[in-house]
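These are my working notes on a single protein chain. I record what I looked up, entry by entry.

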Amino acid sequence: MSTSEFDLIIIGGGPGGYVAAIRAAQLGLRGVVVERDRLGGICLNWGCIPSKALLQNASVVETIQHASDFGVQIQSFSIDFSAAIMRSRTVVTKLLKGVEFLMKKNKIEVIKGDATLTERDRVEVQPGGRALTAKNIIIATGARGRSISGLTIDGRQVISSREALELAEVPDPIVIVGASAVGMEFATIYRSYGAEVTVIEMLPHLLPKEDEEVSFEFEKAMKKADIKFRVNTKVVQATRLGDKIQLEVSTNGRMETIHAQRVLMAVGVQPNVENLGLETLGVELERGAVKVDDYCRTNIPGIYAIGDVTMKLPLAHVASAQGVVAVETIAGKEPRALNYNNIPRCTYTRPQVASLGLTEAQARETGREICVGKFPFRANGKALGINEYEGFVKLIVDKKRGEILGAHLIGPEVTELTGELSLAKSAELTPMQLAHAVHAHPTLTEVIAEAALASLGQVIHA
Ligand code: FAD
């Protein structure tokens, strides 16, 4: 079997891997991507993209349901969930073609198959056994949905988001285990399509990693949307009864039985580190993920890892940003290390939730003196005009230095507002500088400027 030589081998063609390959091509490196499934990885095929397409369908259904708020009377309408799934798959196909085109345009070879590292600079691809060598290798193999004991994902009654994204019928009733972004996004989709939805969360709040005030506001909105939820709750036992499933759950020791047609597991992901040859080469793992430094270097020179397999912050834009940092490091460009505190984390529910940096509790734990600036959407003209005015923007600021330590948003389209905050944090802007940039009126972005002013005690419209 012949051996092909490259400057860089990338294992995995998700948003980490394919972006790394393009950056490598731009820098004149001859790279190759080995992908066992489809370019675009989980994000494009079974994650970010199809789920957001379905959420848009859910939003259309909700708008029709509330059309009378706008004086539009709709006597009857019908909804077809299979059409929503089909639309989401069409969006995926379009984007997939786009990524394939980008690979061709950048003259990047994509090899279909399973890659294993056989030596520090050598990868073997199965089936076929083709051998590839390169001075540098990037592991970008992503992660997969986790099961919990007693609730193993079987793809039928207990499903992951992977199966949910192909399910042409709304599972009703459905139990979602895990109030993560993924769990709450599916809760929103299924509730909009009429299903009885119950979310089970072990921690004290929905979206438990968010600022507590945001979680409270979010829980109010979920109650209003008639999404049932139990926090501080564990699944104790699951019994399959024909085509149904019965769950025994315990909330602080109080037992309850819940029946569902299906259970969707959304309890996080586990890195794809198996069968890659990592043990043989001595690549160090940390809590099951590949351990990397600020430049995505593993402990083995020439071997890098990016994206969900590192579990630094399992998000698509993080994977891509890590890909660029890794490749620029390989090319000797000395890139700026990523600051994970400046990277937005988004949940595309209704209302949407987004955050960057430290929560108020985390900021207080640092011992710094902080001030909090908060502004509600109900005092914003644009939010009232579009009839979506729940929520607020909250900024956590270091009182002495003026540094923005954290930003927490809940409300209409707040995921679109994170760019400004990410830029402000990266450029180390103060709330005063943020507020001095004149924001167009009427826009939702005015809420950010007002929250910045609020942190200085200078709020105008509240
Ligand atoms: P992946 O996208 O998982 O790609 C890894 C690739 O490697 C896969 O294509 C796999 O086939 C391939 N591979 C693995 N092992 C091998 C091997 N040995 N040989 C060859 N190929 C291999 N993130 C966001 O930022 N925003 C969102 O809105 C969002 N929504 C999500 C919704 C859902 C339902 C899910 C499940 C995830 C969502 N995510 C979202 C997370 C996002 O999908 C991941 O963070 C992202 O895909 C990680 O990119 P990656 O390149 O590290 O890995």
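**Entry 1: Nonpolar surface**

I began with the surface and found a nonpolar patch of about 430 Å², made by Phe70, Val72, Ile74, Phe77 and Ile79. I keep in mind that the model is predicted. I then placed one member of the patch: Phe77 lies in the loop between helix H3 (48-65) and helix H4 (81-105). The relative accessible area of Phe77 is 39%, so I list this residue as partly exposed.

**Entry 2: Nonpolar core**

I turned next to the interior. The largest nonpolar core contains 37 residues, and those with the most contacts inside it are Ile176, Met184, Tyr190, Val197, Val199 and Leu206. I looked up which elements give two or more residues to this core: they are H3, H4, strand S9 (174-177), helix H6 (181-192), strand S10 (197-200) and helix H7 (212-224). Helix H6 gives the most, with 5 residues.

Which residues does Val197 touch, if those up to four places away in sequence are not counted? I noted Ile174, Ile176, Ala187, Tyr190, Arg191, Ile227 and Lys228.

**Entry 3: The parallel sheet**

I traced an open sheet of 5 strands, with parallel pairing and the order S8-S15-S9-S10-S11. Strand S8 (158-159) and strand S11 (228-230) stand at its edges; each has a single partner strand, so one side of each is left without a neighbour in the sheet. I also checked the pairing of S10 with S11, which is parallel and runs over 3 bridges. Within S11, Lys228 is the residue that stands opposite Thr198. Lys228 is also among the residues that Val197 touches.

**Entry 4: Salt bridges**

I recorded 26 salt bridges in the structure. I examined three of these pairs individually.

In one pair, the side chains of Arg144 and Glu274 meet at 2.9 Å, N to O. This pair links distant parts of the chain, 130 residues apart: Arg144 is in strand S7 (residues 143-145), and Glu274 is in the loop between strand S16 (269-271) and helix H8 (278-281). Arg144 is partly exposed at 33% relative accessibility, and Glu274 is partly exposed at 37%.

In another pair, the side chains of Lys394 and Asp211 form a salt bridge of 2.8 Å, N to O. Lys394 belongs to strand S23 (residues 392-398) and Asp211 to the loop between S10 and H7, so the pair ties together parts that are 183 residues apart in sequence. Are its partners buried or exposed? Lys394 is buried, with a relative accessible area of 1%. Asp211 is buried as well, at 2%.

I then took the pair of Lys374 and Glu213, whose side chains meet in a salt bridge of 2.3 Å, N to O. Lys374 is in strand S22 (residues 370-376) and Glu213 in helix H7, so this bridge ties together parts that are 161 residues apart in sequence. Lys374 is partly exposed, with a relative accessible area of 37%, and Glu213 is partly exposed, with 28%.

I finally looked for a connection among these charged residues. A network of salt bridges links Asp211, Glu213, Glu360, Arg364, Lys374 and Lys394.

**Entry 5: A loop glycine**

I located Gly28 in the loop between helix H1 (15-26) and strand S2 (31-35). Its relative accessible area is 62%, so I class Gly28 as exposed. I also looked up its separation from Ala326: the two are 298 residues apart in sequence and 15 Å apart in space, C-alpha to C-alpha.

**Entry 6: Strand S21 and its partners**

My last entry concerns strand S21 (residues 352-357). Of its 6 residues, 6 are buried, so the strand is largely enclosed by the rest of the structure.

How does strand S20 (residues 345-347) pair with S21, in the parallel or the antiparallel sense? The pairing is antiparallel, over 3 bridges. A hairpin through 4 residues joins S20 to S21, and Thr347 stands opposite Val353 in S21.

I also followed the pairing of S21 with strand S24 (residues 404-411), which is antiparallel and extends over 6 bridges. There, Gln352 has Gly411 of S24 as its bridge partner.

Key
Residues numbered from 1 in each chain as written. Predicted model: local features only at pLDDT ≥ 70, side-chain atom pairs only at ≥ 80, totals over all residues. Heavy atoms only, no water. Patch = residues over 30% accessible without salt bridge, like charges linked within 9 Å, V, L, I, M, F, W, Y side chains within 5 Å. Areas by Shrake-Rupley, 256 points an atom, 1.4 Å probe, with all protein chains shown as cover. Salt bridge = Lys/Arg side-chain N within 4 Å of Asp/Glu carboxyl O. Buried < 20%, exposed > 50% of the residue type's maximum accessible area, 1.4 Å probe, protein only. Core = buried A, V, L, I, M, F, W, Y, C linked by side-chain atoms within 4.5 Å. Contact = heavy atoms within 4.5 Å. Pairing = 2+ DSSP bridges.
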